[in-house]
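Got your viewer open and a selection box ready? Load the model below and we'll walk through it stop by stop.

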Amino acid sequence: MKKNLFLMLQIVLGFGLYYLLASIIDNTFILLAAIIIVGVVIILIRSMYIRNESDVLEILINPTEHFKVIKKHEMKDPNKYNTLLAYGLSYTGEFKEAQSALDDIYYKDIKTSRNLHYSYYVTKLHLAYYNKDRELYGQTLHLAKEQNVFKKVGVPDGAFEAHLLLLEGQSERAEEILKNVIPKVKKRILVVELEYLLALAYANQGETNDSKAICDFIIGRKHPVVHTTLCEKLLESIA
């Protein structure tokens with residue numbers, strides 16, 4: 001409802017701006033040029049001040065601060081809050097809590113936001129992966145790709161294929177995809193996740209030295225996410 005009102009307001013302001021400029025400028029070509037210039041300026045201003053609220057988690061890898069930042073949405077926009085909460089919890093390894101938050105989301109309300117849409121699907125993929133549910137993971141991945149969930153936020157589709165391959169025991173294929181995808185990923189928290197998967201793929205193939213090197217690297221950065229803990233456990237298992 002709030003988004004519809006905002007859209008209507010933008011339309012009204014757009015018409016108002018058009019008639020204001022039309023009353024000042026007589027030349028049609030100059031009028032069109034002026035409208036285009038104003039439109040470009042507005043887009044640039046919006047891009048400077050409107051950012052993805054998950055940046056604290058995705059770029060700074062700071063779950064604690066992420067949970068503080070999203071708290072403001074708890075009452076005024078529960079869907080947004082629960083989506084971002086579930087997303088953060090899925091990266092701290094609190095999967096039961098993530099599922100609980102996910103269950104409280106009204107999916108239709110978040111489809112219009114590409115970042116929320118991404119967070120929603122990634123959380124579902126995380127839960128399916130850690131529950132080792134190959135069928136659910138495959139179905140969820142297919143739906144996400146079908147809706148261009150990853151492409152819309154600049155994430156390669158292949159970024160979430162390795163999980164399924166590892167669940168299916170195809171570690172060599174997972175390794176190939178991860179080596180190709182990791183350099184293309186800009187979300188730092190996703191890079192850590194994929195690096196862990198690469199370490200796991202190496203370990204599954206008996207390439208323990210490569211696996212240990214990656215795990216040591218991840219653990220050394222001390223990021224407070226589940227993949228740091230998983231690397232510690234992986235090191236213990238191959239020691």
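What follows is a tour that starts with the whole fold and then moves from one selection to the next.

**Before you click**

This is a predicted model, in which local features need pLDDT of at least 70 and side-chain atom pairs count only at pLDDT 80 or more, while totals for chains, interfaces and linings use all residues. Residues are numbered from 1 along each chain as its sequence is written, and side-chain values use heavy atoms, with hydrogens and water left out.

**The whole protein**

Start with a cartoon view. You'll find 14 helices and 0 strands, and the pattern along the sequence reads α-α-α-α-α-α-α-α-α-α-α-α-α-α. Helices here are DSSP runs of H or I with at least four residues, strands are runs of E with at least two, and both are numbered from the N terminus.

Now try a surface. The protein exposes about 13700 Å², with carbon and sulfur atoms supplying 58% of that; accessible areas come from the Shrake-Rupley method with a 1.4 Å probe, and for residues only the protein chains shown count as cover. Of the 239 residues, 43% are buried. Buried means under 20% relative accessible area, exposed means over 50%, and partly exposed is in between (1.4 Å probe, protein chains only).

How far along the chain do contacts reach? Among those between residues at least 6 apart in sequence, 56% join residues at least 24 apart. A contact means heavy atoms within 4.5 Å.

**Stop 1: H4 against H6**

Select residues 63–70, which form helix H4, and residues 78–92, which form helix H6. Their axes come within 10 Å and cross at roughly 170°, so H4 is roughly antiparallel to H6. Axes are lines fitted to C-alpha atoms, for helices over the stretch in contact, and the angles run from 0 to 180 degrees between N-to-C directions. Angles under 35 degrees count as roughly parallel, over 145 as roughly antiparallel, 65 to 115 as roughly perpendicular and the rest as oblique.

Show side chains at this contact. From H4 come Pro63, His66, Phe67 and Ile70, meeting Tyr81, Leu84, Leu85, Gly88, Leu89 and Thr92 of H6. The residues of this contact divide into 7 nonpolar, 3 polar and no charged. In that scheme Ala, Val, Leu, Ile, Met, Phe, Trp, Tyr, Cys and Pro are nonpolar, Asp, Glu, Lys and Arg are charged, and the others, Gly among them, are polar.

**Stop 2: Asn79**

Stay in H6 and pick Asn79. Is Asn79 buried or exposed? Its relative accessibility is 11%, so Asn79 counts as buried. Follow the Asn79 side chain to the backbone nitrogen of Tyr106, at 2.6 Å. Leaving aside neighbours within four places in sequence, Asn79 is in contact with Asp104, Ile105, Tyr106, Asp109 and Ile110.

**Stop 3: two residues in H9**

Next, select residues 134–146, helix H9, and highlight Tyr137. With 0% relative accessibility, Tyr137 counts as buried. Beyond four places in sequence, Tyr137 is in contact with Leu125, Ala128, Tyr129, Phe160, His163, Leu164 and Leu167.

Now add Arg134, also in H9. At 47% relative accessibility, Arg134 counts as partly exposed. Outside the same four-place window, Arg134 touches Leu164, Leu167 and Glu168.

**Stop 4: two residues in H11**

Move to residues 171–181, helix H11, and click Glu175. Which side chain does Glu175 pair with? Its side chain makes a polar contact with that of Gln205 (2.8 Å). A polar contact is a pair of N or O atoms within 3.5 Å; within protein, one must be able to donate a hydrogen and the other to accept it, and residues adjacent in sequence count only if both atoms are side-chain atoms. Glu175 counts as buried at 10% relative accessibility.

Ala174, also in H11, counts as buried at 0% relative accessibility. Draw a C-alpha to C-alpha distance from Ala174 to Ala162: 4.7 Å, with their positions 12 residues apart in sequence.

**Stop 5: two loop residues**

Finish with backbone torsions. Asn148, in the loop between H9 and helix H10 (161–167), has a positive phi of about 55° although it is not a glycine. Lys222, in the loop between helix H13 (208–221) and helix H14 (226–238), has a positive phi near 55°. Asn148 is partly exposed at 33% relative accessibility, and Lys222 is exposed at 69%.
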